[in-house]
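Trainee: Could you take me through one part of this model at close range? I'd like to begin at a single side chain and then work outward to the neighbouring parts.

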Amino acid sequence: MTAVKSICCIGAGYVGGPTCAVIAYKCHDIKVTIVDVNPARIAAWNSDKLPIYEPGLEDVVLARRGKNLFFSTNVDGAIQEADLIFVSVNTPTKKSGMGAGRAADLAYVESATRRIAQVATSSKIVVEKSTVPCRTAQSMRTILEANSTDKIHFDILSNPEFLAEGTAIDDLLKPDRVLIGALQTPEGIRAQQALADVYGHWVAKESILTTNLWSSELSKLAANAMLAQRISSVNALSAICEATGADVDEVAYACGRDSRLGSKFLKASVGFGGSCFQKDILNLVYLSEQLNLPEVAAYWHQVVIMNEYQKKRFVRNIIKTLFNTITNKKIAVLGFAFKKDTGDTRESAAITLIKDFIQESARVAIYDPKVDRQQIVMDLSEPGVVDTQQQVEKHVQICSSAYEAAKDADAVVLVTEWDEFRDDQLDYAKIYDGMHKPAFLFDGRLLVNAPKLRKMGFKVNVIGKTELAGKA
Ligand code: UDX
Ligand code: UDX
Ligand code: ADP
């Protein structure tokens, strides 16, 4: 295999877009074409307002767009031109049929793979980039091999992406590791080396890990499951803290100082969200069930159950504190994205909380610095509950500042940890002045200095802390 000269990325989403933009940024000798079936998405990538918000992304795209980085809807043309193709399409949890609610829906991966098989006129390295269940590469290989000829050969690699949203560009520029799985055949290993050479433009050799295909596929699911497991563990402890007077920040810090545990991913919260954690754990649960390993399935499933419990517990606590009813009360929700520094709302805890508030007949005012109105309305619509835009807008008010949301509110609920909600950035005295009294504040992100806000008059509730503990 000669060096890769032309890359095609199928899927211009949160993973494919930033990843391949960074490849173009670091490899000026490689032509990178990112394609998508969604023309609006491609138009946005070619415009001044990129379809996703990610710190640093715009600089990277603007530096290379039109030079060696292209966004196009011409999927077939880009496939034909490329020597290496990333398949970076969505793999949502199946909504119906076998494995509904657990298994990944591989229809998009399959359709992209079939397209490659149909239109390729030369040999290709096909790389799974989307997170997929273990052994998906086998299905891709079967489809591609059925279409290979003497002249056209397909190699399959697994190269899962570990970037986190909000820090995608940093993660891509300085990855902890790059993982490339291949069949351990001479062709497979050659293809693995060709992709390693692409990353070798900017990633140190020691950080490029090569494994067999199945280890690579499973490692991605395992890494996400273990990260989510840490959050569920600390969230489970947060419930104990609230009941005992222990402080979850102190407990997490004390545990994290053990170098065998490490300090990251131990922040208690209102629950993890995002497109990956829940989906990947459910995938692992499904895989375990399929392999007839019920104890293993139950073990991982508990991570998701704990996450649901944490969200429900938070809502119950709010209702209880507001004298057991929130009917007609105004609740200001600060933050709608699943974490700070992203406009992504997939599986955001905010969605679950707000739907519960609506069910309890509260009036909800929402402010998020990066999520637009249309997205919020879409996320809150639910067939049979509030299924039309008008119905959603009857229950919720979407605001353009935290102050507007908190005006005349009975409670402020911090759901996303945006820096602008910190107590050294937001004018909490002003918020307090505008609220009904008693003015309640529920911090689901351990973001504010509760004693300071109590001095202003707020009644503050923080996840994993009690006022009785003194330092809460
Ligand atoms: C443990 C804690 O590590 C220590 O901080 C605490 O003070 C007491 O409990 P200990 O039980 O002495 O220490 O040994 P440890 O090294 O933690 O091993 C416990 C068990 O886990 C052993 O059976 C060990 O073989 C096993 N283990 C450890 C694994 O199976 N895999 C590992 O990766 C690490
Ligand atoms: C995750 C993985 O981190 C990344 O490696 C993988 O490629 C994709 O999935 P992402 O979902 O983008 O990335 O964000 P992440 O930072 O992992 O946060 C996920 C959720 O966990 C967020 O809702 C976040 O607020 C929450 N979280 C994270 C906590 O509640 N506490 C923590 O300590 C860390
Ligand atoms: P992720 O977070 O995994 O990147 P996204 O949903 O953000 O997921 O992006 C996946 C993209 O893949 C979408 O923009 C979707 O239109 C695109 N896509 C799905 N199937 C195909 C296909 N067969 N050909 C081209 N693009 C596709």
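**A close look at Phe-357 and beyond**

Mentor: Happy to. Leaving out residues up to four places away in sequence, Phe-357 touches Val-315, Ile-318, Ile-326, Ile-331, Val-333, Ala-362, Val-364 and Val-413; contact here means heavy atoms within 4.5 Å. Before going on, keep in mind that this is a predicted model, in which local features need pLDDT of at least 70 and side-chain atom pairs count only at pLDDT 80 or more, while totals for chains, interfaces and linings use all residues. Residues are numbered from 1 along each chain as its sequence is written, chains are lettered from A and ligands numbered from 1 in the order in which they are written, and side-chain values use heavy atoms, with hydrogens and water left out.

Phe-357 belongs to the largest nonpolar core, which has 68 residues; Phe-357, Ile-354, Phe-421 and Phe-458 are the members that touch the most others. Helix 13 (residues 349-359) gives this core its largest share, seven residues. A nonpolar core is a set of buried Ala, Val, Leu, Ile, Met, Phe, Trp, Tyr and Cys residues joined through side-chain atoms within 4.5 Å. Buried means under 20% relative accessible area, exposed over 50%, and partly exposed in between, using a 1.4 Å probe and the protein chains only. Helices (H or I, at least four residues) and strands (E, at least two) are DSSP runs, numbered from the N terminus. Apart from the largest core lies another one, of 44 residues, including Ile-34, Trp-45, Leu-163 and Leu-172. In soluble globular proteins, nonpolar side chains tend to be buried together.

Next, look just ahead of helix 13. Glu-347 sits in the loop between strand 9 (330-334) and helix 13. Its phi is positive, about 60 degrees, although Glu-347 is not a glycine. With a relative accessible area of 42%, Glu-347 is partly exposed. A second residue of this kind is Leu-446, also not a glycine, with a positive phi near 50 degrees. Leu-446 lies in the loop between strand 13 and helix 18 (450-456), and because its relative accessibility is 10%, it counts as buried. Strand 13 (440-443) also bounds another loop, the one after helix 17 (428-434), where Pro-438 is found. The peptide bond joining Lys-437 and Pro-438 is cis, with omega about 0 degrees.

From here we can step to ligand 2. Of the 20 residues around it, Phe-162, Glu-165, Ser-269, Phe-338 and Arg-445 come nearest; a residue is near a molecule if one of its heavy atoms lies within 4 Å of it. Three backbones make polar contacts, meaning pairs of N or O atoms within 3.5 Å; within protein, one atom must be able to donate a hydrogen and the other to accept it, and residues adjacent in sequence count only if both atoms are side-chain atoms. A polar backbone atom of Phe-162 is 2.7 Å from an oxygen atom of ligand 2, a backbone N or O atom of Glu-165 is likewise 2.7 Å from a ligand 2 oxygen, and for Leu-266 the distance is 3.4 Å. The protein covers 90% of the 660 Å² of accessible area that ligand 2 has on its own, by the Shrake-Rupley method with a 1.4 Å probe, where for residues only the protein chains shown count as cover. Helix 9 (residues 213-244) supplies four residues, the largest share of this shell.

Glu-165 deserves a pause. It lies in the loop between strand 6 (154-158) and helix 7 (168-173), and at 9% relative accessibility it counts as buried. Leaving aside neighbours within four places in sequence, its contacts include Tyr-14, Phe-338 and Arg-346.

Two of those contacts lead us to ligand 3: Tyr-14 and Arg-346 are among the closest of the 16 residues that surround it, together with Val-15, Asp-36 and Arg-41. Oxygen atoms of ligand 3 lie 3.1 Å from a backbone N or O atom of Tyr-14, 2.9 Å from one of Val-15, and 2.6 Å from an N or O atom in the side chain of Asp-36. Taken alone, ligand 3 exposes 580 Å², and the protein buries 87% of that. Helix 5 (residues 107-119) gives the largest share of this shell, three residues.
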